[in-house]
There are 2 protein chains.
Amino acid sequence: MLKNDLILRTIRGEKTERTPVWLMRQAGRILPEYRAVRNALSGFKELVETPALAAEVTIQPVDILQVDAAIIFSDILVIPEAMGLKYEMVEKRGPHFPETIKSKADVNKLKVAMAEDVHYTIDAIKLTKKELNGRVPLIGFAGAPWTIFAYMIEGGGSKTFSKARAMLYTDPELSHQLLQMITDSTINYLKGQIAAGADLVQIFDSWAGILSPAQYEIFSLKYIKQICDAIDEVPKTVFAKDAYFARKWFNDINCQTVGLDWCMDIGETRKIIKDKTLQGNLDPCALYGSNESIKIAVKSMIDQFGPTRHIANLGHGVYPDTDPEKVKYFVECVKELSRC
Amino acid sequence: MLKNDLILRTIRGEKTERTPVWLMRQAGRILPEYRAVRNALSGFKELVETPALAAEVTIQPVDILQVDAAIIFSDILVIPEAMGLKYEMVEKRGPHFPETIKSKADVNKLKVAMAEDVHYTIDAIKLTKKELNGRVPLIGFAGAPWTIFAYMIEGGGSKTFSKARAMLYTDPELSHQLLQMITDSTINYLKGQIAAGADLVQIFDSWAGILSPAQYEIFSLKYIKQICDAIDEVPKTVFAKDAYFARKWFNDINCQTVGLDWCMDIGETRKIIKDKTLQGNLDPCALYGSNESIKIAVKSMIDQFGPTRHIANLGHGVYPDTDPEKVKYFVECVKELSRC
């Protein structure tokens, strides 16, 4: 049914004709074609909530960058909103929650979200699948419960997320109550995405790296495991940025692929995560370099990962001011240099 | 000469009567006594540049928190300023450089700083030593060249420091030229601090963790090594936040102590860094918890590090909104629980 199923075959550990490639944040900000759609709207959230336009910008990088997967254009913060905590996306500053979670009363006002509560993304997936017509797989996604929790307590981005981390010490019981509600909501949401057509799903633990290993195991890993165990329909990828200490645990959880950031040594990670596919991990800043230096960096990455069980990507979302021509060149280099 | 030389004996690997303790950022923001001094001034930089007041706030935590060392009140960004790049400290927002380094012409306008260019900190050290009168050792410090470079290119704090990291790809030669100038300035500055009376020095690589291991080795480790090799007069501590991958290299460099952030597993680090003293690494957020939970966390830390070659500290600077009573309790717990 899929014309290009390279990623799915790579996830299964099959030998493929070349390494598949896509980029985190490929749908969006780097493409002038995206900005043309975006600038006609009131803001980022209007784009997330308008299925026809979300589908359009989801497909743009497949056409323009020639990547091997689409990832639905949405935001991890649709889940807190669906649970009852509204947020705003402030231009150039990031997300802002006018109300944050401070007490048990605040948690008790929230509900466990259902997929229908995020109907716009579910509809966007259906539309995208139809318009993609099997050209490449469509990736669904959600934030890891700890990362969502961090935003709900902190109220926005933060260098330290010290309020969110403080709650783990001051009220571990309430923390677990909220994390469980986020987890249940996320399972409902991902199952809805899969029913709508997502061919695989990725869980983003963007703020994984600010917890001590002991706290990560209790307050993040536990809930990622629940999600992975609840989803059996499609392959799952876990990307926990900066959580180098968690790799030994990810080896044993019920997911097929683990994402690496650019600080994680590839050879070392292969030794820790033995029988899964790895995804990543070029430094996004490498794309500021010359074509020559990009080619050298891609070759080094391809050589280190080897020809199987690797989905090429950056080690983080592509940075907003990256030249789209450099992104195209990155994609071409992966295709050329990995061909068997 | 020093009445309390616990830290120096611990650095030498001697068995001591208990584990020494101090806190990164102990001089400053958490203490009402600090804020009283600070609020009478025009800003943070006036305090840094007024030796009598810098000495006063340096000594405050020795009196109030009963820590085993003082660390001179200053700022890592005095070095770029001494090299010719002025900065402002914007209240609640952090440092801002009106001009940044973009080209070879910009680098060529800078000079290698001498200790006299930071005379206010040198004078503050002399005053502090006199007023401390040997009660505890005084720690001098500087930023690691990569961290200073990152601010000089970026112009301030950043989530990604993508401009600074981009320059490593787009102009590695110019990057090395600037890093060498920062390194030479830092060596001059640290030697001046030592001549003025600093009993040991710490190098802070605050943005170590955003470089890939390969780039860290070339653009950061190389220069930290130069500094460690140039300073023979006093013991040296290297603290490279988030650079877990660098621990294997730190085992082999010419420093006596390595700082750990709270994500670094203690047992694992002891295996990697075999014959040096380790410093750290309680999660700063642990101090938001109850006394009971602080005691449990300190006990776990003390037990894991063991009775020798450990200087107790947090895994990062104490957070500004931490209750000073909790900090005192942390210090008391270390003293009580580590006593042999």
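A residue counts as buried if 20 or more other C-beta atoms lie within 10 Å of its own. The views below show a predicted model.

**View 1. The surroundings of A124(B) in helix α7 of chain B.** A124(B) is found in helix α7, which covers residues 119-132 of chain B. With 28 other C-beta atoms within 10 Å, A124(B) is buried, because the threshold for that class is 20 or more. When its neighbours within four places in sequence are left aside, the residues in contact with A124(B) are P51(B), A54(B), A55(B), I72(B) and F73(B). I11(B), by comparison, stands 113 residues from A124(B) in sequence, and the two are 25 Å apart in space, C-alpha to C-alpha.

**View 2. The side of chain B that touches chain A.** Here 22 residues of chain B are in contact with 22 residues of chain A. Helix α9 of chain B, residues 162-170, supplies the largest share of this side, namely five residues. By residue type, the side of chain B that touches chain A is made up of 11 nonpolar, seven polar and four charged residues.

**View 3. The rotation axis that relates chain B to chain A.** A turn of 180° with a shift of 0.0 Å along the axis lays chain B on chain A with an RMSD of 0.0 Å, which is the relation of a two-fold axis. Both copies use the same surface, since 100% of the contact residues of chain B recur in chain A. Among the residues of chain B, K159(B) comes closest to the rotation axis, its C-alpha being at 3.7 Å.

Definitions and conventions: Residues are numbered from 1 along each chain as its sequence is written. Chains are lettered from A and ligands numbered from 1 in the order in which they are written. This is a predicted model: local features need pLDDT of at least 70, side-chain atom pairs count only at pLDDT 80 or more; totals for chains, interfaces and linings use all residues. Two residues are in contact if their C-beta atoms, placed from the backbone, lie within 7 Å. Helices (H or I, at least four residues) and strands (E, at least two) are DSSP runs, numbered from the N terminus. Ala, Val, Leu, Ile, Met, Phe, Trp, Tyr, Cys and Pro count as nonpolar, Asp, Glu, Lys and Arg as charged, and the others, Gly among them, as polar. Copies are superposed by least squares on the C-alpha atoms of residues with pLDDT of at least 70 in both. A residue is buried if 20 or more other C-beta atoms lie within 10 Å of its own, exposed if 12 or fewer, and partly exposed in between; C-beta atoms are placed from the backbone.
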